[in-house]
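Hello,

I am passing a structure on to you, and some notes on what turned up in it follow below. Have a look at it first, then read on at your own pace.

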Amino acid sequence: MDVLDAQLVPAVDGVAYGLLLFVVAAGLSLAFGTAGVLNLCHGALYAVGAYTGAELSDGTWEGMLLGLAAGTALAGAAGVLLAACTAPLVRRGHLAQALLTFGLALIGGDLLVEYFGSDAIPVRIPGALDQSVDLLGHRYPAYRLGFIAMALLLAGSGTWVLTRTRAGAAVRAAAADSQMLATTGRSPRAVHTGVLAAAGALAGAAGVLGAPIIGPGPDTGDTVLMLSLVVVVLGGLRSLWAILFASVAVGEVQTLGVSLAADWAPYLLFAAMALVLSVRAHRGAVPEPAGEDGGGAPAAAPVSRLLRALARARRPRPGSARRTGIAGEPGNPEVRRGGTGGGTGPSRTASAAVAAGRLLPGPVRRAGPALALLAALVPLPVLLSPYALSLVGYALALGLLAVSVTVLTGYAGLPTLGQAAPFAVGAYTTALLAGAGWTVGPVQVLASAAFAALFALVTSPAVVRARGTTVLMITLAIGELTVVAAGELKSVTGGTEGLIDFPPTQALWGGEPLVDESPAYNYSLAVAACAIALTLYFLRSPAGKLLIGTREAEDRMRASGHPVTRYLLLAYVGAGALAGVGGSLLTTVQAYVSPADVGFEIAAFALLAAVIGGTRSVLGAMFGAGLIVFIRDWLSASWPGHGPLLLGVLFVLTVYLLPHGLAGLRTARPPIPDRRTPAPEGTP
Amino acid sequence: MLELTGLTAGYDGGTVLHELDLSVPAGSVHAVVGHNGAGKTTLVNTVAGLLRPDAGTVRVNGRDVGGRPAHQVARAGIGLVPQGRRVFAGLTVGEHLRLSYRPPRPAKGDGGRAARRERTWTPERVLELLPRLGERRGHRGSELSGGEQQMLALARALLGTPRVLLLDEPTEGLAPVVARRIRELIGTLAQEGISVLLVSPSPALAVQCADTVTVLTSGRVTARFEGGPLRSDPGALHAALELSPLPSAAVDGPPASKASTGTVGTGEDGAEADGALKASVPDAGPGAP
């Protein structure tokens with residue numbers, strides 16, 4: 001009983017915390033479930049409420065009520081604005097909306113910090129609430145009890161409106177089939193706007209009331225968004241009760257968990273989420289084709305099928321027979337050229353690459369753009385300053401990450417915000433290997449790829465069965481929690497300080513340590529070229545077609561006997577390995593790694609790079625990564641302190657101006673037309 | 001009264017409907033028949049405002065609603081019973097009725113309105129017409145049978161008290177007895193003064209309940225018949241349908257063999273489709289493994 005008694009206060013705290021999360025997460029879930037907007041600036045709306053409440057509350061009841069009214073109204077108005085911003089994107093899918101709202105979150109966060117300063121603001125609450133009351137023999141803050149009552153009231157009335165009123169029925173009908181709602185004479189757009197306004201108002205009210213519990217500070221928005229995403233992932237989108245349960249569970253983990261097992265607390269959330277997701281995956285959110293589970297087909301089947309598909313690509317073609325003698329390895333000459341490119345000196349390889357593009361037919365000509373890019377990158381050490389060269393090296397590392405995002409988002413149809421996680425695994429693997437004396441480049445790269453692939457394999461049950469925006473949320477949570485773990489696991493990762501002072505990488509066995517920028521760049525370019533060549537080779541083979549088929553017509557692929565989930569698993573693991581290679585390069589290039597290098601911002605950059613590149617173009621993603629690195633560096637030099645604001649603007653501009661990425665500029669029409677809302681003949 | 005003039009519509013891929021003219025007087029049933037891909041659902045969706053017309057007008061009692069968003073079209077008095085029913089899976093029957101009921105707004109100095117208000121479709125009146133829905137009031141849309149879903153979709157459209165009712169393949173996939181009930185309902189609703197526009201691939205349904213039948217071929221009107229003469233001799237309609245080429249040449253069966261299976265007109269819905277299918281099978285035979 002003593003233990004129970006001692007934990008009473010954190011347990012009640014957990015309830016308050018959980019209810020706070022519930023009010024926020026319910027709005028997030030509502031906005032997504034009914035208006036179809038994955039609102040990544042929901043946390044910023046909470047922060048708006050929290051700052052407004054803190055600013056207006058002066059320790060009186062009037063101040064608090066004024067704050068509540070103003071904060072709710074402001075956040076609700078922001079919700080209306082959001083509805084107006086997302087309305088043109090209705091037909092563009094969730095990815096565009098996620099990017100837009102992320103951009104808006106960056107802008108909003110920067111403006112809030114600009115206006116309120118970067119320190120956390122103290123909140124003054126009315127005197128009557130600012131005291132302790134007796135709770136089963138413990139002193140407990142009265143405000144928190146009041147908050148629990150208030151949050152229950154909000155949650156209860158929201159649920160009542162949604163399930164018992166005509167407006168609630170309209171909202172649920174809009175979620176089910178907005179066209180049919182329109183045929184009953186109601187404007188779906190008005191319903192969407194109303195939902196986003198209500199979700200914003202809820203977040204704002206939660207912000208005002210919750211300000212004494214979470215925030216307001218510069219990280220408030222991110223923290224709240226992250227925790228509510230975890231709640232929505234855990235609770236699902238179907239039931240408010242499930243979300244309530246998940247919220248309180250997360251709240252308890254954050255309070256009771258910290259109190260009971262302080263050392264483990266950072267991972268508890270991770271563990272709880274992994275548990276729930278794997279249990280749910282086990283129950284089979286997406287049914288597997290019947291023959292497989294029952295018949296016990298060997299797990300290697302899809303592997304061998306993919307290998308067979310690869311072998312088909314390898315078959316020599318009439319046009320390439322002559323070249324076989326020259327290039328040695330048919331199908332992926334870039335590998336060889338890229339591999340030697342770093343070592344044998346820039347000019348020769350460049351001219352050889354250009355010559356190869358002109359003389360050799362078939363596959364090599366298709367690799368022309370890749371070779372041209374390589375040819376442009378090879379002579380850079382001669383042309384650029386060491387600092388610029390290290391930036392390009394960094395862009396190569398980020399580019400590999402962006403390519404892995406492209407493979408998942410554009411080919412496998414799994415939009416991801418969490419590829420920074422395997423990227424982190426690769427980066428830390430290389431740093432730790434170097435610290436332990438393993439400094440040979442290929443060993444580091446392969447080990448990083450292997451560990452990142454292993455990480456992807458472990459997290460895959462949560463990802464490969466989900467589709468669409470759920471993937472965005474789940475991968476976002478995986479990425480965030482990995483960063484948290486990297487920051488907390490001080491003995492291994494050096495905590496937020498990061499790892500530094502490990503010996504530099506050697507390009508090959510017995511080679512010189514890559515201390516200077518130029519050899520380090522050549523090494524990075526060689527590794528990146530190999531990785532890109534392998535990726536292109538895979539994606540252009542029939543195996544890549546299987547992935548495209550899965551993305552475009554999953555059911556039909558299943559019906560044709562393809563073990564779709566396992567293809568996606570392979571794609572996810574492969575993309576993880578690719579991100580791991582990128583992470584390894586990151587460590588080599590900057591000789592330093594910290595959680596800030598692998599955080600959510602980086603994951604979002606990678607996604608933006610992929611989108612700028614057109615989401616289906618590997619080279620476009622590399623180019624997008626380069627553009628982002630360049631812009632970020634240029635911005636931080638010319639307008640210091642406002643990086644997030646301008647990047648947010650970049651996100652927003654990309655969404656509106658480049659709907660199909662840079663690739664869309666070249667082709668007048670999108671390669672695959674977007675689905676228009678009224679489907680032709682026969683939509684059930 | 002529904003009037004379409006020069007209606008042209010399509011998707012990104014190209015134009016599906018070409019300058020279609022059609023009118024449905026109040027209290028009459030107009031059926032549009034045609035093969036798959038002829039543009040029937042495109043026609044219905046365009047009239048309902050789900051698809052924006054590229055040209056032409058859609059007039060309800062003289063008022064042009066072409067190009068308006070779907071909810072305004074619905075308020076102008078066009079009700080839609082869509083293909084595949086599309087009831088809200090998560091809402092109960094009762095919630096459907098409550099959500100769809102739209103009492104007409106009291107108008108100033110409009111003498112016609114008063115009479116109209118008496119004819120307003122209230123949930124009670126709809127349940128009188130479709131008593132089965134009353135028994136299933138607490139069930140969710142996803143828990144209903146196909147026939148019940150069709151009734152619910154009809155109820156949803158009626159509760160807006162439409163002047164024009166669009167029915168997209170209303171007997172598709174229903175048991176013969178339910179299909180007959182739907183046919184009776186169509187007649188009842190027309191007697192109420194509603195203009196009914198019905199599209200169906202089956203000429204049988206058209207022959208049985210339409211006052212006018214239009215044959216649509218690749219988005220163009222290729223024949224038009226009066227309903228009365230058709231009921232005694234449906235052969236002309238069948239001939240018009242047989243002669244109309246299918247949108248894809250690959251599926252074209254020999255007209256002679258199809259005509260020999262033409263027992264439609266007295267049979268149940270869908271018999272014609274079956275006949276066409278049977279006729280085309282021997283042709284596909286040699287190519288198939």
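Which strands of chain B does helix α8 (residues 176–191) of chain B lie across? Helix α8(B) crosses β3, β7 and β8 of chain B, and runs at about 155° to β8(B). Angles here go from 0 to 180 degrees between N-to-C directions, with axes being lines fitted to C-alpha atoms, for helices over the stretch in contact. Helices (H or I, at least four residues) and strands (E, at least two) are DSSP runs, numbered from the N terminus.

Before going further, some housekeeping. This is a predicted model, in which local features need pLDDT of at least 70 and side-chain atom pairs count only at pLDDT 80 or more, while totals for chains, interfaces and linings use all residues. Residues are numbered from 1 along each chain as its sequence is written, and chains are lettered from A and ligands numbered from 1 in the order in which they are written.

The sheet in chain B

The strands just mentioned belong to an open sheet of six strands in chain B, in the order β6-β7-β8-β3-β9-β10, with mixed pairing. Two strands pair if DSSP finds at least two bridges between them. At the edges stand β6 (78–81) and β10 of chain B; each has a single partner strand, so one side of each is left without a neighbour in the sheet. From one strand to the next, the twist averages 20°.

A second helix, α1 (residues 40–48) of chain B, lies across β3 (29–33), β6, β7 (164–168), β8 (195–200) and β9 of chain B, at about 150° to β7(B).

At the β10(B) edge, strands β9 (residues 212–217) and β10 (residues 220–226) of chain B run antiparallel and are joined by six bridges. B:Val213 has B:Phe225 as its bridge partner, and B:Thr217 has B:Arg220. Two residues lie between the strands of this hairpin, and B:Ser218 takes a positive phi near 45° there.

Other backbone angles to look at

Most residues other than glycine have a negative phi. B:Asn61, although not a glycine, has a positive phi of about 50°; B:Asn61 sits in the loop between β4 (55–60) and β5 (63–64) of chain B. B:Thr161 is not a glycine either, and has a positive phi of about 45°; its place is the loop between α7 (146–158) and β7 of chain B.

Are these two buried or exposed? A residue is buried if 20 or more other C-beta atoms, placed from the backbone, lie within 10 Å of its own, exposed if 12 or fewer, and partly exposed in between. B:Asn61 has 14 such neighbours, so B:Asn61 is partly exposed, whereas B:Thr161 has 20 and counts as buried.

Where the chains meet

Contact means that the C-beta atoms of two residues, placed from the backbone, lie within 7 Å. On that basis, 23 residues of chain A touch 30 residues of chain B. On the chain A side, α7 (166–176) and α8 (178–183) are the elements that give two or more residues, and α7(A) gives the most, with six.

B:Leu80, in strand β6 of chain B, is buried, with 31 C-beta neighbours inside 10 Å. Leaving aside neighbours within four places in sequence, B:Leu80 is in contact with A:Thr183, B:Val44, B:Ala48, B:Ala157 and B:Leu166.

Two helices of chain A

Helix α24 (residues 469–488) of chain A has 20 residues and should span 28 Å (1.5 Å times one less than its number of residues); its end C-alpha atoms are 29 Å apart, which agrees. Of those 20 residues, 15 are buried, so α24(A) is largely enclosed by the rest of the structure.

In helix α6 (residues 142–164) of chain A, the buried residues are A:Tyr143, A:Arg144, A:Phe147, A:Ala151 and A:Gly158. They pack against α2 (8–35), β2 (138–141) and α9 (188–210) of chain A.

How confident the model is

pLDDT is the predictor's confidence in each residue, from 0 to 100. Chain A averages 78, and 82% of the residues score at least 70. Over residues 284–303 of chain A, pLDDT stays under 50, and over residues 667–684 of chain A it is below 50. Where pLDDT is low, the predicted coordinates should not be read in detail.

Best wishes
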